[in-house]
Number of protein chains: 2
Amino acid sequence: MARARHHLKGKVMSEPSANRKTLYIQDVAPRDGFQNEKQFIETQDKIDFINALSQSGYAKIEATSFTSPKAIPALRDAEVVMHEIVRNPDVIYTVLVPNVRGAQRALECNVDEVNLVMSVSETHNRANLRMTREQSFEQLSDVVSAVRGSRVAINVSLSTVFGCPMEGDINAFDVLELVGRFAALGVDGVTLCDTTGMAYPTQVGKIGREVRKLFPNLTTTMHFHNTRGMALANTLAALEAGIDRFDASLGGLGGCPYAPGASGNVCTEELVHMLELMGYDTGVDLTRILDIAATLPALVGHDIPSQILKAGPRLTLHPAPDQGA
Amino acid sequence: MARARHHLKGKVMSEPSANRKTLYIQDVAPRDGFQNEKQFIETQDKIDFINALSQSGYAKIEATSFTSPKAIPALRDAEVVMHEIVRNPDVIYTVLVPNVRGAQRALECNVDEVNLVMSVSETHNRANLRMTREQSFEQLSDVVSAVRGSRVAINVSLSTVFGCPMEGDINAFDVLELVGRFAALGVDGVTLCDTTGMAYPTQVGKIGREVRKLFPNLTTTMHFHNTRGMALANTLAALEAGIDRFDASLGGLGGCPYAPGASGNVCTEELVHMLELMGYDTGVDLTRILDIAATLPALVGHDIPSQILKAGPRLTLHPAPDQGA
């Protein structure tokens, strides 16, 4: 998972620091973002977008989903996308896989990682995946069996870890138990997803510390949504708990289906902007991803929730009014 | 400054906690928000709005500004507003005052506090106040002389503490020096303002700790803008530095003049929502202020940046899709 990324660095935004801690930023916009767009994003546009992200210093890119084209027509071009993108060997290309059939398709495309998804909440799992949690776990266990032993890594993304929009609070024990069951199957990583923006900092700290303590060999990612404005505050709490991997979505693509008009995924550019200012080494070239983000409104056909795209990075200077014409 | 506020508490949102730390929330929407609205807010609407805030558990409300009606016509009704609101004795009513004339008008209205404003940045001070910093300091010193000795408290809000949109970085020493000069004049409190959303958490922690250490007798407030999405993350950093007072603006009223479309003041409801979830006692009744915030789009004639107003508080539950009709 080494990244020869430093040659990519553009303008240095952060405070000089001799020992900058390395963080890993993973963009989910090509999957989680494009999947939620009503208008089909043309295959070539997807490929160009992923190719641009590939040159921006990410640790991982979630490129597409090997679900049924009927279930998710927005990503019906998964094979073409995976075959035609120009891969950067320093980037892990992960894809969402719901079942053994999807895993086979993904393996044929030579992906680096498969990402399996289920909910901690029984109600959300039934609503979202039309199965009980036990049925989901069984199906995903079959995927693990099919993939384990190959060179392809396995990550599990758990939805509604910090709350369910239908059930409310989720018992942290249920989260830890489910992580433990997947750890026992031998998966490489787990992503704790705040699916609808219900996480808050003290809760993130607690769950983050517990998962790190109980499963130190699992690569742990936090996936925050900014639905209630707390994504960056939750990131601070996760950092304090020792988490160093974060999902984010360029431009904040991927809204919240339960709250029309509200934000969904945390914006990658807002996350990177804050972390670099704090002296962390995210590897991501902020100038470069801002240029890519600026192309998104035309690509998706609507305004995007990125604040940084509107306001510019912190040191974007403005002329004094009395110096103007 | 005691507040008999607990009878105001509505739904308890937060985790149960035996020793909840008290925080002080100060709403600036009637001044900082309404001042930035292009359309004049009717005087009676202002009064009704402040009266509603007064019953919501705030520590302080910035009610209006005693500036020249020509300079800020949006608040030309300052006297009427201050005379006609129904004051809650547990709330401190503060008003912005630019000079001795403004202070006299404020004192005649029996305000609890005057709030003086100048910038740490020379360029911003000239652009915003049409004076050098020294001229501003002199003018505000005269206000302090005029008010000191009365029962009216004196707060100083320093703009661009965390960065200037024209100069860029601001030397922390300049901030501390200016705070020190006002402390020497005998003011009661100082507000460190992130005027255009340039603050970031590590910076907030450093400056917050320094001000607390050097000026332990000054009541210190943090005033964050969410221009680049970091307001709540900065709040966490301020809390860790020992800060317990926060300005905020209901609905996030008060945009950023340098970034059209970007957020300005942090939303009170987003701030209170996070802090109560973390177990702090803000005193503010979230249900009540959300009801008031819901009236703002009609009052100001445009959408407001509040995420919580769109998504609801964290435990706003939704029916499962397959339970629907």
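**View 1. Strands E2 and E3 pair in chain A of this predicted model.** A:Ser65 stands opposite A:Leu96 in E3(A). The two strands, E2 (residues 60–65) and E3(A), run in the parallel sense and share 5 bridges. Strand E3 of chain A spans residues 92–96. On its other pairing, 3 bridges join E3(A) to strand E4 (residues 113–119) of chain A, again in parallel. Here A:Val95 stands opposite A:Val114 in E4(A).

**View 2. Strand E3 of chain A is mostly covered.** Of its 5 residues, 5 are buried. Which residues cover each face of E3(A)? A:Ile92, A:Thr94 and A:Leu96 lie on one side, and A:Tyr93 and A:Val95 on the other. Both faces are covered, and these residues are all buried.

**View 3. In chain A, 8 strands form a closed barrel.** The order is E1-E2-E3-E4-E5-E6-E7-E8, with parallel pairing. Neighbouring strands of this sheet are turned by 25° against each other on average, direction ignored. Helix H8 (residues 201–214) of chain A packs on the sheet. H8 touches strand E6 (189–193) and strand E7 (219–223), and its direction makes about 165° with that of E7(A).

**View 4. Helix H9 of chain A is mostly covered.** The helix takes in residues 231–240, and 9 of its 10 residues are buried. Among them are A:Ala231, A:Leu232, A:Asn234, A:Thr235 and A:Leu239. Just after H9(A) comes A:Gly242, with a positive phi of about 95°.

**View 5. Two cysteines of chain A are buried.** A:Cys164 has 0% relative accessibility, so this residue counts as buried. A:Cys267, at 5%, counts as buried too. How many disulfides does the whole structure hold? A search over all chains finds 0.

**View 6. Chain B also closes 8 strands into a barrel.** They follow the order E1-E2-E3-E4-E5-E6-E7-E8, and the pairing is parallel. The average turn between neighbouring strands of this sheet is 25°, direction ignored. Strand E2 (residues 60–65) of chain B pairs with strand E3 (residues 92–96) of chain B in the parallel sense, over 5 bridges. In that pair, B:Ile61 stands opposite B:Tyr93 in E3(B). Helix H10 (residues 268–277) of chain B packs on the sheet. H10 touches strand E1 (24–27) and strand E8 (245–248), and its direction makes about 170° with that of E1(B). Helix H6 (residues 133–147) of chain B lies across strand E4 (113–119) and strand E5 (153–159). H6 runs at about 170° to E4(B).

**View 7. Chain B and chain A meet in a contact with 53 residues from each chain.** Together they bury about 4200 Å², with 58% of that on carbon and sulfur atoms. Which three residues supply more of the area that chain B buries against chain A than any other three? They are B:Arg228, B:Arg314 and B:His318, with 18%. Of the interface residues of chain B, 100% are also interface residues in chain A, so the copies meet through the same surface.

**View 8. A rotation of 180° superposes chain B on chain A.** The shift along the axis is 0.0 Å, and the RMSD is 0.0 Å. The two copies are therefore related as by a two-fold rotation axis. In chain B, the C-alpha nearest the axis belongs to B:Ala233, 2.0 Å from it.

Note on methods
Residues are numbered from 1 along each chain as its sequence is written. Chains are lettered from A and ligands numbered from 1 in the order in which they are written. This is a predicted model: local features need pLDDT of at least 70, side-chain atom pairs count only at pLDDT 80 or more; totals for chains, interfaces and linings use all residues. Side-chain values use heavy atoms; hydrogens and water are left out. Copies are superposed by least squares on the C-alpha atoms of residues with pLDDT of at least 70 in both. Contact means heavy atoms within 4.5 Å. Two strands pair if DSSP finds at least two bridges between them. Helices (H or I, at least four residues) and strands (E, at least two) are DSSP runs, numbered from the N terminus. Axes are lines fitted to C-alpha atoms, for helices over the stretch in contact, and angles run from 0 to 180 degrees between N-to-C directions. A disulfide is a pair of cysteine sulfur atoms within 2.5 Å. Buried means under 20% relative accessible area, exposed over 50%, partly exposed in between (1.4 Å probe, protein chains only). Buried area is the accessible area (1.4 Å probe) that two parts lose on being put together, summed over both.
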